[in-house]
Amino acid sequence: ADIPVIPDLEEVQEEDLAMQVAAPPSVQVNRVLTYHDLDKDLMKYSAFQTLDGEVDLKLLTKVLAPEHELREDDVSWDWDHLFTEVSSELVTEWDLGQSERED
């Protein structure tokens, strides 16, 4: 009566829930604000002009650098070139320090 039975492949596939993948949730994507929009909001709303209602941030907001001044082109680094450049600068500084000590 207690003889083990080897299940059929079809039965195993039906019972195996671990191999099933749940559908991904659907999420509504909101528009991401640009730097230009953030700059407009910064000057428009007085909430950004003070911190905790006590610290006046108007001077700071006047001297913040605009986006076009902060943007930099991507430059790829070559490890050998970078290492050689830094090593050369360090040796030059070390040589200058040695010559000043000798004088």
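Across the protein chain the mean pLDDT (the predictor's confidence in each residue, from 0 to 100) is 78, and 78% of the residues reach 70 or more. This is a predicted model, in which local features need pLDDT of at least 70 and side-chain atom pairs count only at pLDDT 80 or more, while totals for chains, interfaces and linings use all residues. Residues are numbered from 1 along each chain as its sequence is written, and side-chain values use heavy atoms, with hydrogens and water left out.

The protein chain holds five helices and two strands (DSSP runs numbered from the N terminus, H or I of at least four residues for helices and E of at least two for strands), and from the N terminus these elements follow the order α-α-β-β-α-α-α. Confidence is lowest in H1, with a mean of 64, and highest in helix H5 (residues 79–102), with 90. Where pLDDT is low, the predicted coordinates should not be read in detail.

Of the 103 residues, 4% count as buried (under 20% relative accessible area, with exposed over 50% and partly exposed in between; 1.4 Å probe, protein chains only). Leu33, in the loop between helix H1 (9–15) and helix H2 (35–44), is partly exposed, at a relative accessible area of 41%.
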